[in-house]
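This report walks through selected local features of one protein model, with attention to charged pairs, helix faces and a pocket. Please keep the structure open while reading.

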Amino acid sequence: MYCGKCGKEIGAGGSFCPHCGAPAKKSEENTVSVQAVSQEKEKKAGKKGKYIGFCLVLVLLIAGAGGLYLYFTGSSYKCRKLLEQAETYLEEGKYREALECCENMINLDDQCVEAYEKSADIYVAMDAYMDAIEILKDGQKVLNAHEELLEEKLKEVYQKEAKRLEGVWTLNYNLGDLIPEDYGDLLGVNIQIPILMEIGGDGVIWFSVEKEYFAGAQSTLSSAASALCTVFLKVPFLGNLAGRLTEFLTGLLIDNVGVSYSYEVKNGVLYCTWSGEDPVVERYEFAIDGDTLIILEELTEGEDSYYLRFPLTLQRVK
């Protein structure tokens with residue numbers, strides 16, 4: 001216990017302060033007063049601590065709310081939602097709407113790899129391989145240093161396009177296109193020949209001419225042979241036999257009019273090797289759009305043996 005007057009320590013049983021003579025009772029009252037002051041200070045300190053804690057929590061809440069706002073309104077979140085919507089549209093076959101979602105993704109963030117990949121998936125579903133390859137190449141240009149991120153998807157599209165190449169295609173080819181352009185118009189050749197191109201999964205391409213193209217000529221030759229033999233031999237039976245023989249021989253000719261190539265496809269380029277003597281590997285850039293096959297141009301170096309005029313457009317035979 002301490003003296004309330006001089007502040008010095010007083011013994012527990014003393015009634016007066018041995019130092020200044022002040023009554024010990026006043027010291028006790030002062031002690032109570034000191035304790036009250038101390039408790040008040042502690043109370044104020046507690047309130048201050050609670051206030052600081054409240055402010056800290058408030059700041060954290062505001063920061064969290066701001067972070068959530070930025071997240072839900074940022075391009076990353078919007079792109080993710082657009083990607084989910086594009087996937088839903090793709091599953092439903094709504095290709096136009098799916099492409100619009102991807103376009104919006106690219107407008108929000110042209111570095112979004114998923115936007116280009118999903119666009120390619122949509123074009124492949126539409127059999128528009130040309131567009132699928134183009135969007136991936138555009139993405140590679142934008143990504144620049146990170147263009148390898150789309151390389152695997154590009155290879156995947158090329159593989160699917162190569163598989164889609166298999167089948168039978170037809171081309172109405174103008175014989176005038178075999179004549180150099182300097183002379184073609186002067187000669188005025190305009191003969192359309194329906195050519196079939198059969199591409200098999202065994203790595204073989206077979207070119208032939210549709211039989212219907214020769215049907216009229218075959219009938220004419222058969223009738224002419226029959227008439228000539230009948231006139232000169234004067235035996236109708238032999239005339240009919242000559243006609244039938246002519247029809248048979250022209251039929252064999254028609255069945256064997258064609259040429260075969262072995263082929264392989266690498267990154268959108270068709271490599272063809274003629275199976276005859278002195279084989280030359282010809283290279284053609286192509287693209288598939290639905291049931292249309294477009295031979296864009298010949299890439300064979302040092303070869304100018306044909307006067308084909310590109311692009312050549314073929315249609316898939318149903």
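## A salt-bridge network

Lys118 is buried, its relative accessible area being 14%. The model is a predicted one, and within it Lys118 forms a salt bridge with Asp121, the closest N and O atoms being 3.8 Å apart. Asp121 has a relative accessibility of 22% and therefore counts as partly exposed, since the buried class ends under 20%. Both residues belong to helix α4 (residues 113-125), where a spacing of three residues places them about one helical turn from each other. An α-helix has 3.6 residues a turn, so residues three or four places apart point the same way.

A comparable arrangement can be followed in helix α6. Lys153 forms a salt bridge with Glu156, with 3.6 Å between the closest N and O atoms, and Glu156 also forms a salt bridge with Lys160, with 3.3 Å between the closest N and O atoms. Lys153 and Glu156 are three residues apart in α6, about one turn of the helix, while Lys160 and Glu156 are four residues apart, which is also given as about one turn. In terms of accessibility, Lys153 counts as buried at 11%, Glu156 is partly exposed at 30%, and Lys160 is partly exposed at 38%. Salt bridges with shared partners join Lys153, Glu156 and Lys160 with Glu87, Lys118 and Asp121 into one network. The structure as a whole holds 14 salt bridges.

## Two helices and their buried residues

How many residues does helix α3 have, and what distance does α3 reach from its first C-alpha to its last? Helix α3 (residues 95-108) has 14 residues and reaches 20 Å between those atoms, close to the 20 Å expected at 1.5 Å a residue. Its buried residues are Ala98, Leu99, Cys101, Cys102, Met105 and Ile106. They lie on the same side of α3, because the arc that they cover around the axis is only 155 degrees. The face turned away from this buried side carries Arg96 and Asn107, which are exposed residues.

Helix α6 also has 14 residues, and from its first C-alpha to its last it reaches 20 Å, close to the 20 Å expected at 1.5 Å a residue. In α6 the buried residues include Leu154, Val157, Tyr158 and Ala162, and among them are also the charged side chains of Lys153 and Glu161.

## The second largest pocket

The second largest pocket has a volume of about 180 Å³. Of the 13 residues in its lining, the closest to the centre are Ile133, Lys137, Tyr158, Glu285 and Phe286. Tyr158 therefore combines two roles in this description, as it is buried under the 20% cut-off and is also among the lining residues closest to the pocket centre.

Which elements supply at least two residues each to this lining? They are α5 (129-143), α6 (151-164) and β6 (281-289), and α5 gives the most, with four residues. By residue class, the lining of the second largest pocket divides into seven nonpolar, two polar and four charged residues.

## Backbone details in loops and a strand

Two residues other than glycine have a positive phi in the passages considered here. For Asp127, which lies in the loop between α4 and α5, phi is near 60 degrees. For Asn267, phi is about 50 degrees, and this residue is found in the loop between β4 (258-266) and β5 (269-274). Is Asn267 buried or exposed? Asn267 is exposed, since its relative accessible area is 53% and the exposed class begins over 50%.

Thr292 lies in strand β7 (residues 292-298) and counts as buried, at 19% relative accessibility. The C-alpha atom of Thr292 is separated by 5.8 Å from that of Leu314, although the two residues are 22 residues apart along the chain.

Technical notes:
Residues are numbered from 1 along each chain as its sequence is written. This is a predicted model: local features need pLDDT of at least 70, side-chain atom pairs count only at pLDDT 80 or more; totals for chains, interfaces and linings use all residues. Side-chain values use heavy atoms; hydrogens and water are left out. On a 1 Å grid over the protein atoms alone, a cavity is a set of points where a 1.4 Å probe fits but cannot get out, and a pocket is an open set with protein on both sides within 12 Å along at least five of seven lines; lining residues have an atom within 4 Å of a point. Grid points are joined across faces, edges and corners, and a volume is the space filled by probe spheres set on the points. A salt bridge is a side-chain nitrogen of Lys or Arg within 4 Å of a carboxyl oxygen of Asp or Glu. Buried means under 20% relative accessible area, exposed over 50%, partly exposed in between (1.4 Å probe, protein chains only). The expected span of a helix is 1.5 Å times one less than its number of residues. The arc is that of the directions from the helix axis to the C-beta atoms.
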